[in-house]
Amino acid sequence: MEYQQTENTQNASSNLLGDEAALINEYEYASTGQRFLNFLIDNLVMNYGLSYLTGYAVGITITVLNPDFYVEKGSASFYLLIYMISILDYLLYYILSEKLFNGYTLGKLITGTKAIREDGDQLTLKDVLIRTVCRLVPFETLSGFKIRPWHDEWSKTMVVKSR
C-alpha cells in the first residue's frame, strides 16, 4: 500500500514538472536583437514624443502655480527638473503601455514581441510596476545583453515572440 502511494506521488510530481516544462517550451524568447530594437523604439518615443508633451505640461503647470518660478538653464535645478521629467516619462510610458495594451509597447508591437508572466498569464498592474521600477536601477540596461534582463528576472516576467 505504501509503495503504491509513493509511486502515485512520484507520478504526480513528474506530471507537474512535465506541465511546467511544456509551458516554458510553449513560448519562444524574444531575441537579443528584438529586445534591442524594442529599447531603441521605445526610447525614441519617450525622448522625442512624450518628453516634449510632459515638459510642456510641467512648464505650464509651474507657470500657473508659481509665476515667479525661474530655473536658469544649465543650473543644477534645471538638470534636476529635466531628470524628474524623464523619470515621469519612463514611468508613464511603460506602465500605461504594458498594462493597457496587454504586455505591448510600441517597440514590442513593431518587433512582434510581448511581455508576459513566467506562468504564461497576462501582466498584472503589480508585474508592470515591478518591471518598470526595476528598469530604473543603474546599469540595468547592460543586463539587456542576456536573454532575461534584470527587470524580467526580478518581476518574474519574460518577453516572448508573439507572431
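Which helix does Y93 lie in? I started there, and Y93 turns out to lie in helix 3. A note to myself before going on: this is a predicted model.

**Entry 1: Y93**

I looked up how covered Y93 is. It is buried, with a relative accessible area of 8%. I then listed what Y93 touches, skipping residues up to four places away in sequence: D42, V45, M46, L50, T105, L106 and G107. I also checked Y93 against T132: the two are 39 residues apart in sequence, and their C-alpha atoms are 9.3 Å apart in space.

**Entry 2: the whole chain**

I stepped back for the overview. I find 6 helices and 2 strands in the chain. Read from the N terminus, the order is α-α-α-α-β-α-α-β. The chain has 163 residues, and 29% of them are buried. For the surface I get about 10,900 Å² accessible, with 65% of that belonging to carbon and sulfur atoms. I also pulled the contacts between residues at least 6 apart in sequence, and 68% of these join residues at least 24 apart.

**Entry 3: helix 5**

Next I went to helix 5, residues 125–135. Which of its residues are buried? My list reads D127, V128, R131, T132, C134 and R135. They sit on the same side of helix 5, because they cover an arc of only 165° around the axis. That made me recall the helix geometry: with 3.6 residues a turn, residues three or four places apart in an α-helix point the same way.

What covers the buried residues of helix 5? I noted helix 3 (76–100), helix 4 (106–111), strand 1, helix 6 (150–155) and strand 2 among the elements that do so.

**Entry 4: helix 3 against helix 5**

I took the pair of helices 3 and 5 by itself. A packed pair is described by the angle between the two axes and the distance between them. Here I have an angle of about 145° and axes 9 Å apart. The crossing of helix 3 past helix 5 is right-handed.

Then I wrote down who meets whom. From helix 3 the residues are Y90, L91, Y94, I95, E98 and K99. On the helix 5 side they are L125, V128, L129, R131, T132 and R135. V128, R131, T132 and R135 were already in my notes as buried residues of helix 5.

**Entry 5: the two strands**

How do strand 1 and strand 2 pair? They run in the antiparallel sense, and I count 5 bridges between them. Strand 1 covers residues 113–117, and strand 2 covers 157–161. For the register, I have A115 opposite V159 and K114 opposite V160.

I checked the cover too. Strand 1 has 4 of its 5 residues buried, so it is largely enclosed by the rest of the structure. Strand 2 is also mostly covered, again with 4 of 5 residues buried.

**Entry 6: V160**

I picked V160, which lies in strand 2, for a closer look. Is V160 buried or exposed? V160 counts as buried because its relative accessibility is 4%, and the cut-off for buried is under 20%. Leaving out residues up to four places away in sequence, V160 touches Y27, E28, Y29, A30, G112, T113, K114 and I116. I checked the separation from I116 as well: 44 residues in sequence, 7.4 Å in space from C-alpha to C-alpha.

**Entry 7: W154**

W154 is a residue of helix 6. I have it as partly exposed, with a relative accessible area of 43%. What is W154 in contact with, once neighbours within four places in sequence are set aside? I get I130, C134 and V137. C134 is one of the buried residues of helix 5. Between W154 and I130 I find 24 residues in sequence and 7.7 Å in space, C-alpha to C-alpha.

**Entry 8: positive phi**

Last, I looked at backbone angles. N102 is not a glycine, yet its phi is positive, about 55°. Where does N102 lie? It is in the loop between helix 3 and helix 4, and it is partly exposed, with a relative accessible area of 42%.

I noted K156 too: its phi is near 55°, a positive value in a residue other than glycine. K156 is in the loop between helix 6 and strand 2. It counts as exposed, since its relative accessible area is 53% and exposed means over 50%.

Key:
Residues numbered from 1 in each chain as written. Predicted model: local features only at pLDDT ≥ 70, side-chain atom pairs only at ≥ 80, totals over all residues. Heavy atoms only, no water. Buried < 20%, exposed > 50% of the residue type's maximum accessible area, 1.4 Å probe, protein only. Contact = heavy atoms within 4.5 Å. Areas by Shrake-Rupley, 256 points an atom, 1.4 Å probe, with all protein chains shown as cover. Pairing = 2+ DSSP bridges. Arc of directions from axis to C-beta. Axes fitted to C-alpha atoms, helices over the stretch in contact; angles between N-to-C directions. Left-handed = near helix turned anticlockwise from the far one by under 90°.
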